[in-house]
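Please open the structure in a viewer and keep the sequence alongside. The stops below are given in the order in which they may be selected.

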Amino acid sequence: MKFFIDTANLAQIKEANDLGVLDGVTTNPSLMAKEGIKGDDKIKQHYKDICDIVDGDVSAEVFGIEYNEMIKEGEALAALHPQIVVKIPMIKDGIKAIKYFSAKGIRTNCTLVFSAGQALLAAKAGATYVSPFIGRLDDVSTNGLTLIEDIRQIYDNFGYETQILAASVRHPMHIVECAKIGADVATCPLSAILALLKHPLTDTGLAQFIADSKK
Ligand code: G3P
């Protein structure tokens, strides 16, 4: 399973990349706003800066929600760097835009996916990635991981090549369960990736080995 980091924070992207396990980055308008990145030029430069840090795919989201706006913005984003994947919301015009980009060889990530039916549409339109938001489903008493299972089954039934990118990951068990189910990618906050390192028996075992090595 690929690990993406879900942030626009350059320090966190560097930290995850330095660990040697990072395969890509996802961003969204909220994450860009959190870093105070505003204005077309600054946003574009920020995406280029992210691409300079990481070797893998970098999802850059369009702001427009109307077909022609999404096409214009998406083409400009894709032209920024070969690593850019255009992130498009799961709406009617979004599906049409994904189909357009797919025909042009521009890679896409269909975002804000909350049902298996939406994921089926994204795959049929030719999305490179589909982003089911598992944490936000959990927030409304619906099992987000069940959605990943359903999408995996549907895509495997028909051999869809769209990669399942589990998003809105909140904690390390989300990552482990996504790996068990067979999500292609989990995009995670840095805290969830680092939490995978932790086990109290590792800490006490290491402390014992250090103490014994001095004997
Ligand atoms: O990748 C989508 C993600 O940024 C949403 O996460 O935690 O805001 O639900 P969250």
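The tour begins with the whole chain and then turns to individual strands, salt bridges and backbone angles.

**The whole chain**

Begin with the entire chain displayed as a cartoon, bearing in mind that the model is predicted. The protein chain contains 11 helices and 8 strands. Along its principal axes, the C-alpha trace extends over about 70 × 40 × 30 Å. The radius of gyration is 19 Å, which agrees with the value near 17 Å for a compact globule of 215 residues.

Next, colour the residues by relative accessibility. Buried residues account for 46% of the 215 residues. The chain has an accessible surface of about 10,800 Å², and carbon and sulfur atoms contribute 55% of that area. For the contacts, consider pairs at least 6 apart in sequence: 57% of these contacts join residues at least 24 apart.

**Strand β3 and Ser59**

Select residues 57-61, which form strand β3, and pick out Ser59 within the strand. Is Ser59 buried or exposed? Its relative accessible area is 1%, so Ser59 is buried, the cut-off being under 20%.

Which residues is Ser59 in contact with, once its neighbours within four places in sequence are set aside? They are Val25, Thr26, Thr27, Tyr47, Val85, Lys87 and Asn109. Asn109 leads to the following stop, since a strand partner of this residue can be selected there: Asn109 stands opposite Tyr129 in β6.

**Strand β6 and its two partners**

Select strand β6, residues 129-132. Both of its faces are covered. Tyr129 and Ser131 on one side are buried, as are Val130 and Pro132 on the other.

Now add strand β5, residues 108-113. β5 and β6 run parallel and are joined by 3 bridges. To follow the connection between them, select helix α6, residues 116-125: the chain passes from β5 through this helix to β6 in a right-handed β-α-β crossover.

Then add strand β7, residues 163-166, which pairs with β6 in the parallel sense over 2 bridges. Tyr129 of β6 can serve as the reference point for both partners: this residue stands opposite Asn109, and also opposite Gln163 in β7.

**Salt bridges around Arg152**

Show the side chains of Asp, Glu, Lys and Arg. Side chains of opposite charge can pair when their charged atoms come close. The count of salt bridges in the model is 9.

Select Arg152 and Asp156 first. Their salt bridge has its closest N and O atoms 3.2 Å apart. Both residues belong to helix α8, residues 144-158; because they are 4 residues apart there, about one helical turn separates them. Arg152 is buried, with a relative accessible area of 13%.

Extend the selection to Asp184, whose side chain meets that of Arg152 in a salt bridge with an N to O distance of 3.1 Å. This pair links distant parts of the chain, 32 residues apart: Arg152 lies in helix α8, whereas Asp184 lies in the loop between α9 (172-181) and β8 (185-188). Asp184 has a relative accessibility of 24% and therefore counts as partly exposed.

**A salt bridge between Asp212 and Lys215**

Move to Asp212 and Lys215, whose side chains form a salt bridge at 2.9 Å, N to O. Asp212 is partly exposed at 33% relative accessible area, and Lys215 is exposed at 80%. Before leaving the salt bridges, display Arg152, Asp156 and Asp184 together: salt bridges with shared partners join these residues into one network.

**Two positive phi angles**

Finally, inspect the backbone at two residues. Return to strand β5 and select Leu112. Leu112 is not a glycine, yet its phi is positive, at about 60°. Its relative accessible area of 35% makes Leu112 partly exposed.

The last selection is Ser168, in the loop between β7 and α9. Here too the residue is other than glycine and phi is positive, near 60°. Is Ser168 buried or exposed? With a relative accessibility of 10%, Ser168 counts as buried.

Notes. Residues are numbered from 1 along each chain as its sequence is written. Side-chain values use heavy atoms; hydrogens and water are left out. Buried means under 20% relative accessible area, exposed over 50%, partly exposed in between (1.4 Å probe, protein chains only). Contact means heavy atoms within 4.5 Å. Two strands pair if DSSP finds at least two bridges between them. A crossover is right-handed if, with the strands pointing away from the viewer, the path from the first strand over the helix to the second runs clockwise. The radius of gyration is taken over C-alpha atoms; the globule rule is 2.2 Å times the number of residues to the power 0.38. Accessible areas come from the Shrake-Rupley method with a 1.4 Å probe; for residues, only the protein chains shown count as cover. A salt bridge is a side-chain nitrogen of Lys or Arg within 4 Å of a carboxyl oxygen of Asp or Glu.
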